[in-house]
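Good morning. I have one structure to show today, and I will go from the whole chain to a few details. Here it is.

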Amino acid sequence: RRYLGCPSLGRVSRLSVSVLRPASRAYLGCVFGALADGVPGAARPAGCRRAVCARRNRARHAPRPPESGRGLLLTSLDPCLDQARAKEYLAAIPSGVGAYSDSQGFRIVREQVADFISSRDGLPASPEDIFLTDGASKGVGFLLSLILRGGGSDGLLVPIPQYPLYSATLALQETHMLGYELDEAAGWSLPISLLEAELEDAQAKGVATRALVVINPGNPTGNSLPYDNMVECIDFCAKHGLVLMADEVYQENIWDGGRPFHSFKKVLMEMSPRPNLQLVSFHSTSKGFLGECGLRGGYFEIVGFDPEVKAQLLKLISIGLCSNTLGQIATGLMVQPPRPGDASYEIYSGERDAILASMKRRATMLVDGLNALEGVTCNQPQGAMYAFPSITLPPKAIAAAKDAGKVPDTFYALALLEATGIVVVPGSGFGQKEGTWHFRTTFLPPESEMTDVVDRMTAFHADFMGKYA
């Protein structure tokens, strides 16, 4: 479990298998505000992508009458009306999805990713610099295995709060996690002065800092970095010879029009003079509005890496032969969706616009509700799928948590779960400024249920604060 035994999620597991539903329970199930997976929350997956994946998968074993090519099953009931996409994959992958692909991934998908990056940034991209992975997490693991040398003397600069993938992986690698605290009062900004101070402190302790991790848009903070701040990050890494690892999986989830998404690659290429930098950027099918977490699709692109280092990276990835093939196709469908004029464009664009508009409304509803609670403050999310409110807990609640052997924000999160069925992740699972308490929640519950979720949280919070006043 990525949240290192998160008590809230562990309790959910036990509640889920229980057949007891006491009358005191105000719910008949759990509202998953903890994980960025929309499917358990009844989010409808994009129909066109599901249809192409289904066709490509079943075509391998289907009857093969002459008129249907490689057994491609085409029906008028499929939500995706574009036959060309499925046929394109069939032609490019004649061995089917049951066979291994190249270790770097299907060539056709890597070309599609390169086209996507070129279109997004207005800059060239090469399929030779793109590696398809089982979600972004696997790609992060590969790069850390490449960068870190073992022995306990290396360090990695990681934001606080941070996605626990990094802290967990570094623990396994016996590597120092050098946490730099984002500035909550300034909208979770990234002060370069803190990076310099953390780097200097690590050097004094004999720790060799190898890379800087930046999550943009932020998880769990929901911030979106301004362009100038990104330039500062690039200059910092170039100055100190650090690899810049850009976790950009939420790039489609932008809610503040004043903070548009810029890729680190685009910012780097627009700088003059251009710094000498090794950059790797990650993307995933799990986020955005696609939300196909279980298909485990993703990629990373490398920029500025020496050919010999790149060869070693490919050798490392080849140990696992290849990433899962359906995840690769899902990645291709993510980066090359239907375009105007395609048969399924109207269906696709309608789904996309409806999902993103609904998520923005849900974000506003949730954060407005949180900010109305006593002792709770929450920045409006500029991107991603999360709110990360700060909560001021009464001294009696902190004392009760200590008596129960719990961290105070965990104590609060478990009480919320038991009383309402709403699942949040304590801020202590992500790291937070000493003396502060937070929790992370998503705005992925169905929009029709969001008012009820906020009402339940409001009633619980009032009772909790009154109990420990």
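The protein chain has 15 helices and 14 strands. Please keep in mind that this is a predicted model. Of its 469 residues, 54% count as buried. Now take the contacts between residues at least 6 apart in sequence: 72% of them join residues at least 24 apart.

Next, the helix pairs. Two packed helices are described by two things, the angle between their axes and the distance between those axes. I will use both for each pair.

The first pair on my list is helix 5, residues 135-147, with helix 10, residues 307-318. Their axes are 10 Å apart, and the packing angle is about 125 degrees. How are these two helices oriented to each other? They are oblique, because an angle of about 125 degrees lies outside the ranges for roughly parallel, under 35, roughly antiparallel, over 145, and roughly perpendicular, 65 to 115. The crossing of helix 5 past helix 10 is right-handed.

Which residues meet there? From helix 5 we have F142, L143, S145 and L146. From helix 10 the partners are V309, Q312, L313, L316 and I317. Sorted by class, this contact has 7 nonpolar residues, 2 polar ones and no charged ones.

The other pair is helix 12, residues 345-371, and helix 15, residues 447-467. Here the axes come within 10 Å and cross at roughly 10 degrees. Helix 12 and helix 15 are therefore roughly parallel to each other, since the cut-off for that word is an angle under 35 degrees.

On the helix 12 side, the contact is made by S358, R361, R362, M365, L366, G369 and L370. On the helix 15 side, the residues are E447, M450, T451, V454 and M457. By class, the contact of helix 12 with helix 15 divides into 6 nonpolar, 3 polar and 3 charged residues.

Last, the cysteines. How many disulfides does the structure hold? The count is 0. C233 is in no disulfide, and the nearest cysteine sulfur to it belongs to C237, 6.9 Å away. Why is there no bond from C237 to C233? The two sulfurs are 6.9 Å apart, which is too far, because a disulfide needs the sulfur atoms within 2.5 Å.

Are these two residues buried or exposed? C233 counts as buried because its relative accessibility is 0%. C237 is buried as well, with a relative accessible area of 1%; the limit for buried is under 20%.

That is the end of my part.

Notes:
Residues are numbered from 1 along each chain as its sequence is written. This is a predicted model: local features need pLDDT of at least 70, side-chain atom pairs count only at pLDDT 80 or more; totals for chains, interfaces and linings use all residues. Side-chain values use heavy atoms; hydrogens and water are left out. Axes are lines fitted to C-alpha atoms, for helices over the stretch in contact, and angles run from 0 to 180 degrees between N-to-C directions. Helices (H or I, at least four residues) and strands (E, at least two) are DSSP runs, numbered from the N terminus. A crossing is left-handed if the near helix is turned anticlockwise from the far one by less than a right angle, and right-handed if clockwise. Contact means heavy atoms within 4.5 Å. Ala, Val, Leu, Ile, Met, Phe, Trp, Tyr, Cys and Pro count as nonpolar, Asp, Glu, Lys and Arg as charged, and the others, Gly among them, as polar. Buried means under 20% relative accessible area, exposed over 50%, partly exposed in between (1.4 Å probe, protein chains only).
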